[in-house]
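Here's a quick tour of the side-chain pairings and helix packing in this one. Have a look at the fold first, then we'll go through it topic by topic.

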Amino acid sequence: MKAYVFPGQGAQFVGMGKDLYDRFPKAKDLFTKANDILKFNITDMMFEGTDEDLRQTKVTQPAIFLHSVILAMMLEDFRPDMVAGHSLGEFSALVANHVLTFEDGLRLVSQRAMAMQKACDANPGTMAAIINLEDDKIKSICESIKEVVVPANYNSPGQVVISGSVEGVAIACEKMKEAGAKRALPLNVGGAFHSPLMEPAREELAEAIMKTRFAEGICPVYQNVTGQAVNDPEIIKSNLIKQLTSPVHWTQTMENMVAAGVNQVVEVGPGTVLQGLFKRTFKTLELNSATIE
């Protein structure tokens, strides 16, 4: 069985998507349509911008989404048995899976990026990666701190990202190291993603999601909030709304996909981060990046 997975924020690079734009008239049309929908030329920033241009949240999220989704649309053999995406990548997965249209997916991603930026400006926060400490221990240390700090990404066994206020994350990092974590690494991010500090963004995005039509997909989507396979459009909507303030259960997603029989994983979009997480956790899977001959 084959799973297609879609990366999240951080995978961007200058030049992303240019090969698709140059080679395929349909891809060029989609990129042009994206410029119209976003009301700025994101293609200029993707193809010829600077790293700094691409780091702007309003650019980063739509850029990764566009590269991932348009690549999936150009694949002749795109026949997934299941799909999943990490954080932002869940939107890419839903469009590739025909749950959302290209236009609606892009609009939601753009609104998500803007709402998250506003929440970051209003409630400054940060994140840190905790290496080699049990999930339960990480959770209990976070709960013992009076500041806002929570587990945000369960990326793989032994790799969890925490998120919260700047002070909360700093205190937590010290406590994690005292408890035996191999490393506690502050991340260079713009805010406290997947934490209660994203609540204003969740409320804003919920309104947009509720107004958007979600269809039944061509296969199950494994959603971040539960790590479980979902087919029902209304449940997909509900989980997507919760996603901004809930942890990404990627470890559970990988485990559940493998338990369901997946033996081949294809990463669609920039980078190879998700392949790395699968490789670290499961040694026998066939792992590939989506490519077009």
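Let's start with helix α2, which runs over residues 25–38: its 14 residues reach 20 Å from first C-alpha to last, close to the 20 Å expected at 1.5 Å a residue. Keep in mind that this is a predicted model. From α2 we'll move on to an aromatic cluster, a second helix, the salt bridges and one buried serine.

**Helix α2**

- Which residues of α2 are buried? They are Ala27, Leu30, Phe31, Ala34, Asn35, Ile37 and Leu38.
- These buried positions cover an arc of only 165° around the axis, which puts them on the same side of α2.
- As a bit of background, an α-helix has 3.6 residues a turn, so residues three or four places apart point the same way.
- On the face turned away from that buried side, α2 carries the exposed residues Pro25, Asp29 and Asp36.
- What do the buried residues of α2 pack against? Their partners are α1, α3 (42–48), α5 (57–74) and α7.
- Just past the end of α2, lysine 39 takes a positive phi of about 65°.

**Aromatic pairs**

- The count of aromatic pairs comes to six.
- One of them joins tyrosine 21 and phenylalanine 31: the ring centres are 6.1 Å apart and the planes sit at 55°, so the pair is tilted.
- Tyrosine 21 belongs to helix α1 and phenylalanine 31 to helix α2, so this pair ties together parts that are 10 residues apart in sequence.
- Buried or exposed? Phenylalanine 31 has 0% relative accessibility and counts as buried, while tyrosine 21, at 24%, counts as partly exposed.
- Ring pairs also bring in Phe47, linking Tyr21, Phe31 and Phe47 into a cluster.

**Helix α9**

- Helix α9 covers residues 166–178, and its 13 residues reach 19 Å from first C-alpha to last, close to the 18 Å expected at 1.5 Å a residue.
- Its buried residues are Gly168, Val169, Ala172, Cys173 and Met176.
- They cover an arc of only 135° around the axis, which puts them on the same side of α9.
- The buried residues of α9 pack against β3 (126–131), α8, β4, β5 (159–164) and β6 (183–186).
- Just after α9, glycine 180 takes a positive phi of about 115°.

**Salt bridges**

- How many salt bridges are there? The count comes to eight.
- In general, side chains of opposite charge can pair when their charged atoms come close.
- Lysine 18 and aspartate 22 meet in one of these salt bridges, at 2.8 Å from N to O.
- That pair sits in helix α1 (residues 18–23), and because lysine 18 and aspartate 22 are four residues apart, about one helical turn separates them.
- Lysine 18 is partly exposed, with a relative accessible area of 29%.
- Helix α8 (residues 135–143) holds a pair with a similar layout: glutamate 143 and lysine 139 are four residues apart, about one turn of the helix.
- The closest N and O atoms of the salt bridge between glutamate 143 and lysine 139 are 3.6 Å apart.
- Glutamate 143 counts as exposed at 58% relative accessibility, whereas lysine 139 is partly exposed at 41%.
- Glutamate 204 forms a salt bridge with lysine 118, with the closest N and O atoms 3.1 Å apart.
- Glutamate 204 lies in helix α10 (residues 199–210) and lysine 118 in helix α7 (residues 102–122), so the pair ties together parts that are 86 residues apart in sequence.
- Both ends of this bridge are partly exposed: glutamate 204 has a relative accessible area of 36%, and lysine 118 comes in at 49% relative accessibility.

**Serine 156**

- Where does serine 156 sit? Its place is in strand β4 (residues 149–156).
- With 1% relative accessibility, serine 156 counts as buried.
- Its side chain makes a polar contact with the side chain of arginine 280, at 3.4 Å.
- Leaving aside neighbours within four places in sequence, serine 156 is in contact with Thr251, Met254, Leu277, Arg280 and Thr281.

Notes:
Residues numbered from 1 in each chain as written. Predicted model: local features only at pLDDT ≥ 70, side-chain atom pairs only at ≥ 80, totals over all residues. Heavy atoms only, no water. Salt bridge = Lys/Arg side-chain N within 4 Å of Asp/Glu carboxyl O. Helix = DSSP H or I, 4+ residues; strand = E, 2+ residues; numbered from the N terminus. Buried < 20%, exposed > 50% of the residue type's maximum accessible area, 1.4 Å probe, protein only. Polar contact = N/O pair within 3.5 Å; in protein donor to acceptor, adjacent residues only side chain to side chain. Contact = heavy atoms within 4.5 Å. Expected span 1.5 Å × (residues − 1). Arc of directions from axis to C-beta. Phe/Tyr/Trp six-rings, centres within 6.5 Å; stacked < 30°, edge-to-face > 60°.
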